[in-house]
Amino acid sequence: MRAVVLRRHGGPESLTLEELPDPRPAAGQALIRVGAVAVNRLDCWVRADVGHAYEARLPLIPGYDVAGEVVEAGAGVEAVQPGARVYVHYDYSCGRCRHCLVGDESLCADYGLMGVDHDGGYAELVLAPERNLFVLDDGVGFEAAAAAGSVYLTAYHMVFAKARLRAGETVLAVAAGSGVGGAAAQLARWAGARVIVSAGTAAKAARARELGAEHTVLHSRPGWGAEVLALTDGRGVDCAIDHVGQATFAEVVRALAGGGRLVICGASSGAQAGLDLIDLFARQLAIIGSSDGSRAELLEVLRLLGAGVIKPVIDDVLPLAQAAEAQARLEQREHFGRILLDPRS
Ligand SMILES: [Zn+2]
């Protein structure tokens with residue numbers, strides 16, 4: 001098979017297209033022909049070894065947001081047969097510990113990720129355990145499923161499990177042009193919230209309005225948190241969903257209403273931020289870390305995708321040979337929506 005391989009950490013040029021032997025499924029595994037794989041920020045972090053935060057096992061085939069068709073089922077696999085169209089969950093938790101049993105798989109002591117410590121989907125073929133295969137509705141294409149997968153699961157967990165959003169509340173979704181920001185905005189609107197989105201450029205703000213955002217603000221403008229306050233008559237937002245981190249943190253905190261909840265799932269602009277602890281307790285703010293989501297939430301995300309509630313925005317689909325270019329574009333932040341690779345091209 002053709003696969004993109006990371007043999008040493010570095011820039012996008014570290015990703016090389018190679019010809020490898022086809023993998024064969026062991027007992028309990030299936031072999032999937034990849035129809036589409038999304039390019040994620042985490043792929044770039046793994047490649048560059050940012051902060052040594054992810055102990056990638058090199059050499060590695062990156063990529064963890066995969067949809068495709070089962071081509072071979074290993075011994076004992078009963079849930080799927082060859083021909084099944086699936087989203088391939090990236091989670092390698094144990095499935096038995098107290099965290100896994102309540103849907104907090106990312107807290108599992110044995111937690112692992114496809115595309116980090118297991119070979120991923122920047123390839124024509126990928127292996128996955130049977131319990132990671134989620135059959136797609138007939139109307140859901142591979143590109144839509146790969147584009148939705150991890151970002152909608154992450155956003156769903158943030159909006160509903162962590163922020164506990166209720167209808168009628170006001171939400172600030174930071175960076176609407178990114179996967180998680182756009183997904184959080186869509187889910188919050190579906191849940192009956194009033195949604196304010198931020199964008200890094202005027203062009204991205206215009207795209208967000210085309211997609212139905214009621215209010216947009218530019219988070220590249222100094223003091224933009226005050227604009228969010230003005231949009232809420234000075235009250236602030238009940239929930240904020242952020243993954244930009246360092247560059248947006250102070251203004252997002254400023255934009256929170258008393259008792260507001262800020263849920264953070266990333267730090268794409270940097271990891272350090274200052275916090276006034278008197279402000280924190282005086283306004284009774286909650287700042288909540290979030291990572292990943294549960295299998296039950298993934299089922300719900302795929303159901304909403306099939307029902308047409310979730311409409312992932314796809315910026316571009318590139319051939320496997322352009323994986324390095326795809327990651328470079330993601331890092332330059334010029335995209336709006338998801339960048340995908342199609343290993344069939
Ligand atoms: Zn576990």
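This report walks through a zinc site, some helix packing and a few unusual backbone spots in a predicted model.

Residues are numbered from 1 along each chain as its sequence is written, and side-chain values use heavy atoms, with hydrogens and water left out. Because the model is predicted, local features need pLDDT of at least 70 and side-chain atom pairs count only at pLDDT 80 or more, while totals for chains, interfaces and linings use all residues.

**The zinc site**

Let's start with the metal. Which residues hold the zinc ion as protein donors? They are Cys94, Cys97, Cys100 and Cys108, each through SG, at 2.3 to 2.4 Å from the ion. Donors here are N, O and S atoms within 2.8 Å of the metal (3.2 Å for Na, K and Ca), and sites may look incomplete since water is not among the atoms. Along the sequence, the donor residues follow the spacing C-x2-C-x2-C-x7-C. Cysteine 94 sits in the loop between β5 (85–88) and α2 (98–101), and cysteine 108 in the loop between α2 and β6 (125–129), so this pair ties together parts that are 14 residues apart in sequence. Helices (H or I, at least four residues) and strands (E, at least two) are DSSP runs, numbered from the N terminus.

The four donor atoms subtend angles of 105 to 114° around the zinc ion, so the arrangement is tetrahedral (four donors with all angles between 85 and 135 degrees). For reference, the ideal angle for four tetrahedral donors is 109.5 degrees. Cysteine 94 and cysteine 108 are both buried, meaning under 20% relative accessible area; exposed is over 50% and partly exposed is in between (1.4 Å probe, protein chains only).

**Helices that cross**

Next up is helix α3 (residues 142–162), whose axis comes within 8 Å of that of helix α4 (residues 179–190), crossing at roughly 50°. Axes are lines fitted to C-alpha atoms, for helices over the stretch in contact, and angles run from 0 to 180 degrees between N-to-C directions. That angle makes α3 oblique to α4; oblique is what remains once under 35 degrees is called roughly parallel, over 145 roughly antiparallel and 65 to 115 roughly perpendicular. Contact (heavy atoms within 4.5 Å) involves residues including Tyr152 and Tyr156 of α3 and Leu187 and Trp190 of α4.

Helix α9 (residues 295–306) also meets α3: their axes come within 9 Å and cross at roughly 120°, so these two are oblique as well. Among the α3 residues meeting α9 are Tyr152 and Tyr156, and among their α9 counterparts are Leu298 and Leu304.

Helix α1 (residues 41–48) has Leu42, Asp43, Cys44, Val46 and Arg47 buried. Those buried residues pack against β1 (2–6), β2 (15–19), β3 (29–38) and α10 (323–332).

**Backbone oddities**

Most residues other than glycine have a negative phi, and most peptide bonds are trans. Here are some residues with a positive phi:

| Residue | Phi | Place |
|---|---|---|
| Aspartate 49 | about 60° | just after α1 |
| Alanine 175 | near 65° | loop between β8 (170–173) and α4 |
| Aspartate 292 | about 65° | loop between β13 (286–289) and α9 |

Alanine 175 is buried, at 11% relative accessible area, and aspartate 292 is buried too, at 5%. Where is the cis peptide bond? It runs from leucine 58 to proline 59, with omega near -5°, and proline 59 lies in the loop between α1 and β4 (65–73).

How values were computed:
Tetrahedral: all angles 85-135°; square planar, octahedral: opposite > 155°, others 65-115°.
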